Amino acid sequence: MARLNLLEETRFEKVPVSVYDNAHIASLKVANRIANLIKRKQDRGEMAVLGLATGATPVQVYEELVRRHKEDGLSFQNVITFNLDEYYPMNPESRQSYVTFMKENLFDHIDIKKENIHIPDGTLEKEEIADFCIAYENQIEALGGLDLQILGIGRTGHIGFNEPGSAPNSGTRLVTLDDLTRRDASRDFGGKENVPTKAITMGIGTIFKAKEIILMAWNRKKASIIKKAVEGEISGEVPATYLQLSENTEFVLDQDAAAELTRFNTPWLVKDCSWDDELIRKAVIWLSDEVNKPILKLTDEDYNTHGMAQLATEKGPAYNININVFNQLQHTITGWPGGKPNADDSQRPERAEPAQKRSLIFSPHPDDDVISMGGTFIRLVDQGHDVHVAYQTSGNTAVWDTDVLRYVEFAIDFNKSIGEDSSKLEKIYDEMRNFLKTKQPNQLDLPEIRDVKGFIRKTEAIAGARYAGLQDDNIHFMALPFYETGKTVKNPPTDEDVRITMDLLKKVKPHQVFAAGDFADPHGTHLVCFNIVVEALKRLKETEDWIKDTWLWLYRGAWHEFETHEVQMAVPLSPQEVQRKRDAIFQHQSQKDRPVFPGDDEREFWQRAEDRNRETAKAYHKLGLANYEAMEAFVKWQF
């Protein structure tokens, strides 16, 4: 019976899918399968032929394999590897090369024979590539094919570098990279303009011949393309869909990557559900959008013909469900994000008391506060709350080099105008200019350059916070150590990051904490900063009495937005408040026009924020609620 239920739940899925709680657990499972394959081959005196992938996805798999080698004695003497791809052209010694990646993450830490490692050669002359690719294929075939191929998936649906349009029988070859693929790689290369336009990749036909294929995907950014790959029609527009034709393929996902699969996103379409308020709200909002009706106009027939008969039967009639969900949504809307004094707060998102709250806004980068919740920030100040803002990192990697020279030139001229000696500053300026002339992509800046970039972001953050109405004493710069490496790829957070955060929390003793919950941030800083805040709050909960009155609210906006069914507080903004928010964002001049790391959204940050805030308001209005100019959305987080 359980088997039948599972088949019904997964009936939209055209390839076997295993879903784990998180990427770490999933990676351990995959590493275990690889280790078992190697051991079985060893017992039979055979070679294990592995197809390997690069990128963030397999890193934890490789970490576990290294651990098993060092601690459990797993040998790789009988392992032969073939990597999927390599950028072209690419120096193998480059930081961005897959040769460097594989050495740092796996090969330099295990006992694999160097002659058994195969990676496409990014240094070949163009006329040599065709012969190299044929030889690569022949080497794999001579060994009896790949025993196991590990894959990730790009947001274009590529596997390896087989971009949209790739043929299902394609072999190893030189390809042109999709623009989205290059944008996704831009941070590693210090800008999209530095990312190679081509790559050498195994073909889909080559991959398809593997005896076993495991495609891994982690985090919510991959959810949309995973749904297309698993449930969509087979199409060259999404090359990963060709894996549906394989009898030996399994998708291994974490919960976030699986989030848009039907069994998780709209489970009522494939099974009977245990209906709680959260799922009911999500289902009714989905139905409203599906039939293009406001919530209060949904009928029993709408429920019955769109897979929600069970809900109507158990909780209905439909109108009662509609009223309940409509009221829940209406109660999320408030013009009093700090709570309305002397009011009944039983149906409001925030408490009425204390009337004046201490509010602490954590901003991962120096502009996330005003981009994501600038309207609420200003309103909290206007309504008399004791508002503090804490900038968790300097954001010094996101400043153009030309801005540094401009500011130092200003400093030199100012020094001269007041009769000060500028010789030392001019010497530093000359060193900066000489360094920047030969600076390589992602090269570590000189300490003085890093400082100036940090000063630029700091002064802009102060200007933005002052514009929102804060006094200087309420503006805090944390400079968390994990970020202050000067490198694009940051160090992992430590107890020192948590201690600094705890100290600030103890100083302010906030009733409200606002933190960035925008984990779509492609650089990962938001998630790291969020985890630091949550860990600090959890530790303080064990020793501090005041913490029991602290609520944690998450905001989004720079990279993503909450789904309507997730929102627990929606703060409406008037046209005038939208303009004030825009003006606060404009204080961050170094991020105007074109930021250094824009991600895959071509709009400026202020445009993204306004569009997303207006889209949230439109979504509420479409459900039958009031028609506001814009809305900022928040979700309460239990810690």
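1. The expected span of a helix is taken as 1.5 Å times one less than its number of residues. In this predicted model, helix α16 covers residues 423–437, and its 15 residues should therefore span 21 Å at 1.5 Å a residue, which agrees with the 21 Å that separates its end C-alpha atoms.

2. The burial pattern of α16 can be read along with its span. Tyr429, Met432, Phe435 and Leu436 are buried in this helix, and because the buried residues of α16 fall within an arc of 125° when seen down the axis, they line one face of the helix. The face turned away from that buried side carries Lys427 and Lys437, which are exposed. As for what covers the buried residues of α16, the elements include α15 (401–417) and α17 (447–468).

3. Which strands make up the open sheet of three strands, and in what order? The order is β4-β8-β7, with antiparallel pairing. Since β4 (85–88) and β7 (173–176) stand at the edges and each has a single partner strand, one side of each is left without a neighbour in the sheet. From one strand to the next, the twist averages 30°. In the pairing of β7 with strand β8 (residues 198–201), which is antiparallel, there are four bridges, and Thr176 has Lys198 in β8 as its bridge partner.

4. Strand β14 (residues 512–516) deserves a separate comment, as it is mostly covered, with five of its five residues buried. Both of its faces are covered: Gln512, Phe514 and Ala516 are buried on one side, while Val513 and Ala515 are buried on the other.

5. The pairing of β14 involves strand β11 (residues 358–363), with which it pairs in the parallel sense over three bridges, and strand β15 (residues 551–555), with which it also pairs in the parallel sense, over five bridges. At the level of residues, Phe514 in β14 is the bridge partner of Ile361, whereas Ala515 stands opposite Leu554 in β15.

6. Turning to the nonpolar cores, the largest has 67 residues, and those with the most contacts inside it are Ile34, Leu65, Leu106, Phe107, Ile226, Phe251 and Leu253. Helix α2 (residues 23–43) supplies the largest share of this core, namely eight residues. Leu106, one of the residues with the most contacts inside the core, touches Leu52, Tyr62, Leu65 and Val66 when residues up to four places away in sequence are not counted. A second, separate core has 60 residues and includes Ala515, Val534, Leu554 and Val567; Ala515 and Leu554 in that list are the residues that stand opposite each other in β14 and β15.

7. Is Val17 buried or exposed? Its relative accessibility is 15%, and because buried means under 20% relative accessible area, Val17 counts as buried. Val17 lies in strand β1 (residues 17–20), and its C-alpha atom is separated by 5.7 Å from that of Glu250, although the two residues are 233 residues apart along the chain. Leaving out residues up to four places away in sequence, Val17 touches Val230, Phe251, Leu253, Leu261 and Arg263; among these, Phe251 and Leu253 also appear with the residues that have the most contacts inside the largest nonpolar core.

Definitions and conventions
Residues are numbered from 1 along each chain as its sequence is written. This is a predicted model: local features need pLDDT of at least 70, side-chain atom pairs count only at pLDDT 80 or more; totals for chains, interfaces and linings use all residues. Side-chain values use heavy atoms; hydrogens and water are left out. Two strands pair if DSSP finds at least two bridges between them. Helices (H or I, at least four residues) and strands (E, at least two) are DSSP runs, numbered from the N terminus. Axes are lines fitted to C-alpha atoms, for helices over the stretch in contact, and angles run from 0 to 180 degrees between N-to-C directions. Buried means under 20% relative accessible area, exposed over 50%, partly exposed in between (1.4 Å probe, protein chains only). The arc is that of the directions from the helix axis to the C-beta atoms. Contact means heavy atoms within 4.5 Å. A nonpolar core is a set of buried Ala, Val, Leu, Ile, Met, Phe, Trp, Tyr and Cys residues joined through side-chain atoms within 4.5 Å.
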